[in-house]
Amino acid sequence: MLKKMSRKFHDMHLKTKLTLLIVGTMLLILSVNSIMYIILNRMTQQLDEIYVGNVRLNELEDALDRVESSMAGYLNTKGTDTLDEYYRAEQTYQDLLKGLEQKVTDNQLKMMERDIYNMSQNYLSVTESTIEAKRGRNVERYKEMYDSAAKLYSYIKTYITSLNGYRFRGNTESYRVLSSSLGYLEISSIVSFFIMVLLDIMLVILVTGNITRPLNELAIAADKVSEGELDDVGVVKVHGKDEVGKVTMAFNQMVSSIPGYLSRLKESMEKEQLLKEKELLMEAHLKDAHLKYLQAQINPHFLFNTLNAGMQLAMMERADKTSEYINQVAAFFRYNIQENDEVTLAQEIQLVDTYIYILNVRFSGDIHFSKDIESEDLLDIRIPGMILQPLVENSVNYGIRDIERTKKIYLSVYSVDDNICISVMDNGVGMSQELIKEVLIGEYKSESDSESKKGNGVGLNNVMQRLRLYFNGADNFEIISNGRDQGTEVVITVPRAEV
């Protein structure tokens with residue numbers, strides 16, 4: 001029977017075992033505490049009952065004194081306040097008298113209570129007559145009644161004192177007995193506590209041992225596997241059908257399948273190496289094709305606008321300006337159709353100068369462009385082509401084109417630590433933080449269908465993608481704007497090591 005119960009316990013889930021341990025321990029503690037509480041509560045009630053009679057007699061004596069003093073006060077002053085005080089004291093005394101024994105009995109203490117009750121009723125009747133005589137100005141009668149009340153008061157007080165003494169002597173003996181019982185209870189509580197602690201410890205050791213023993217065996221086997229000693233592992237014994245038992249069975253299956261897995265892994269790694277070499281070659285070709293595709297995204301609408309402006313200028317003037325303008329346009333498009341995927345920063349800035357010249361011819365010199373180059377050495381860095389011109393174009397189309405104030409664009413190049421920063425800043429309409437976030441994550445759709453805002457087709461998302469591909473993610477693209485009409489700054493940060 002015991003062996004069967006042990007096997008059943010081994011097969012329980014870990015959660016069930018731990019629940020039984022915790023619940024069993026709590027029930028044991030709760031049972032012992034409940035028993036001790038019930039015993040202690042009963043003894044406390046008995047202690048309260050020992051002296052409740054003395055307390056009640058003391059209250060009765062105090063009430064009797066208040067009746068006597070308030071009656072004497074009224075006889076001396078005949079005031080309404082003292083009369084009210086007398087009636088309140090009398091009512092209190094009457095209420096306390098109801099707690100005394102009123103039936104016939106052979107118990108001496110109960111008989112004394114009954115005598116006190118009868119004398120008190122007689123006393124209150126006499127005090128009432130005394131008060132009435134005083135109010136009726138019957139001097140002889142209230143003096144006679146007062147003397148009778150004083151005698152009854154003395155008798156009652158003596159009886160109360162005697163009864164209080166008898167009760168106190170009897171209660172003292174009861175208190176000794178209860179005090180001795182409390183001492184035994186204290187010793188019993190300590191013994192019960194230690195027994196409960198020992199049982200709890202034994203229960204914890206039993207349950208935790210049942211859980212940790214299989215885990216220790218499994219841990220030893222796992223250490224051997226981690227050290228490569230597969231031949232020394234063997235089969236780990238399964239102690240039960242709980243979670244640890246299931247993990248042990250799975251571990252045994254895993255150990256037995258490791259040699260075959262290693263063989264297959266070796267073959268797979270050899271094949272993977274060949275595939276990886278092919279994949280790297282394909283990735284290089286794909287990256288090159290992607291860069292060429294992004295660079296080729298040029299919108300011909302700008303060509304139409306610029307040639308149209310050149311034609312109008314040629315009609316208006318027959319001078320070198322037209323020739324210079326056509327030359328600049330040719331230089332701009334010659335730069336775009338070059339086959340080199342990368343250029344120097346100096347070439348990109350030269351293209352921006354050409355682009356600003358063309359725009360100022362179209363818009364009568366409204367765009368004020370300035371540059372600040374920290375060092376000429378920084379201009380030797382190589383970057384993908386068509387990076388800066390789209391930024392300037394965006395500043396014109398979406399920043400300063402429709403503003404009434406002076407239109408300004410400021411380009412600066414400077415170094416920070418091991419990086420080179422390229423900044424394009426305008427004083428245009430600015431951007432909200434929500435719009436900046438959409439642009440940076442590539443979710444913003446520009447107004448490319450608007451005739452007034454068509455550009456060359458190379459947007460910010462295109463620029464960010466080409467920079468990311470070219471620098472393998474080592475670059476940083478940042479848009480800064482303080483809100484409406486506060487302008488916008490685009491900062492590109494690239495590694496200085498590329499110089």
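**Cores, helix packing and loop residues in the predicted model**

At a relative accessibility of 57%, Lys 437 counts as exposed, where exposed denotes over 50% relative accessible area, buried under 20%, and partly exposed the range in between, as obtained with a 1.4 Å probe on protein chains only. The structure is a predicted model, in which local features require a pLDDT of at least 70 and side-chain atom pairs count only at pLDDT 80 or more, whereas totals for chains, interfaces and linings use all residues. Residues are numbered from 1 along each chain as its sequence is written, and side-chain values rest on heavy atoms, with hydrogens and water left out. Lys 437 belongs to helix α12 (residues 433–440), and its C-alpha lies 8.9 Å from that of Ile 479, although 42 residues separate the two in sequence.

The protein chain comprises 13 helices and seven strands, assigned as DSSP runs (H or I of at least four residues for helices, E of at least two for strands) and numbered from the N terminus. Of its 499 residues, 35% are buried. Contacts, defined by heavy atoms within 4.5 Å, often span long stretches of the chain: among those between residues at least 6 apart in sequence, 73% join residues at least 24 apart.

In soluble globular proteins, nonpolar side chains tend to be buried together. A nonpolar core is taken here as a set of buried Ala, Val, Leu, Ile, Met, Phe, Trp, Tyr and Cys residues joined through side-chain atoms within 4.5 Å. The largest such core holds 46 residues, and the members that touch the most others are Leu 345, Leu 388 and Phe 477. The greatest contribution to this core, eight residues, comes from helix α10 (residues 345–362). A second core, separate from the largest, contains 32 residues, among them Ala 63, Leu 75, Ala 89 and Met 112. When neighbours within four places in sequence are set aside, Leu 388 contacts Leu 345, Glu 348, Ile 349 and Val 352, together with Leu 411 and Ile 422. Leu 345 is also 9.1 Å from Pro 384, C-alpha to C-alpha, across a sequence separation of 39 residues; Pro 384 itself is part of strand β3 (residues 382–384) and, at 2% relative accessibility, is buried.

Two packed helices are described by the angle between their axes and the distance between the axes. For α10 and helix α11 (residues 388–400), the packing angle is about 30 degrees and the axes are 8 Å apart, the axes being lines fitted to C-alpha atoms over the stretch in contact and the angles running from 0 to 180 degrees between N-to-C directions. The crossing of α10 and α11 is right-handed, a term that applies when the near helix is turned clockwise from the far one by less than a right angle, anticlockwise being left-handed. On the α10 side the contact involves Leu 345, Glu 348, Ile 349, Leu 351, Val 352, Tyr 355, Ile 356 and Leu 359, and on the α11 side Leu 388, Gln 389, Val 392, Glu 393 and Val 396. These residues comprise 10 nonpolar, one polar and two charged, with Ala, Val, Leu, Ile, Met, Phe, Trp, Tyr, Cys and Pro counted as nonpolar, Asp, Glu, Lys and Arg as charged, and the others, including Gly, as polar.

Aromatic rings of Phe, Tyr and Trp (its six-membered ring) are paired if their centres lie within 6.5 Å, with planes under 30 degrees apart termed stacked, over 60 edge-to-face, and the rest tilted. Three aromatic pairs result from this rule. One of them, Tyr 123 with Tyr 153, is tilted, with 6.5 Å between the centres and 35 degrees between the planes. Tyr 123 is in helix α5 (residues 108–135) and Tyr 153 in helix α6 (residues 139–226), so the pair ties together parts 30 residues apart in sequence. Tyr 123 is buried at 0% relative accessibility, and Tyr 153 likewise counts as buried at 18%.

In helix α13 (residues 460–470), the buried residues are Leu 460, Asn 462, Val 463, Met 464, Arg 466, Leu 467 and Tyr 470. Asn 461, also in α13, is partly exposed at 35% relative accessibility and lies 7.1 Å from Val 439, C-alpha to C-alpha, at a separation of 22 residues in sequence. Following α13, Asn 472 occupies the loop that leads to β6 (476–480); Asn 472 has a positive phi of about 55 degrees although it is not a glycine, and is exposed, with a relative accessible area of 64%. Asp 485, in the loop between β6 and β7 (488–495), is likewise not a glycine but has a positive phi, of about 60 degrees, and is partly exposed at 40% relative accessible area.
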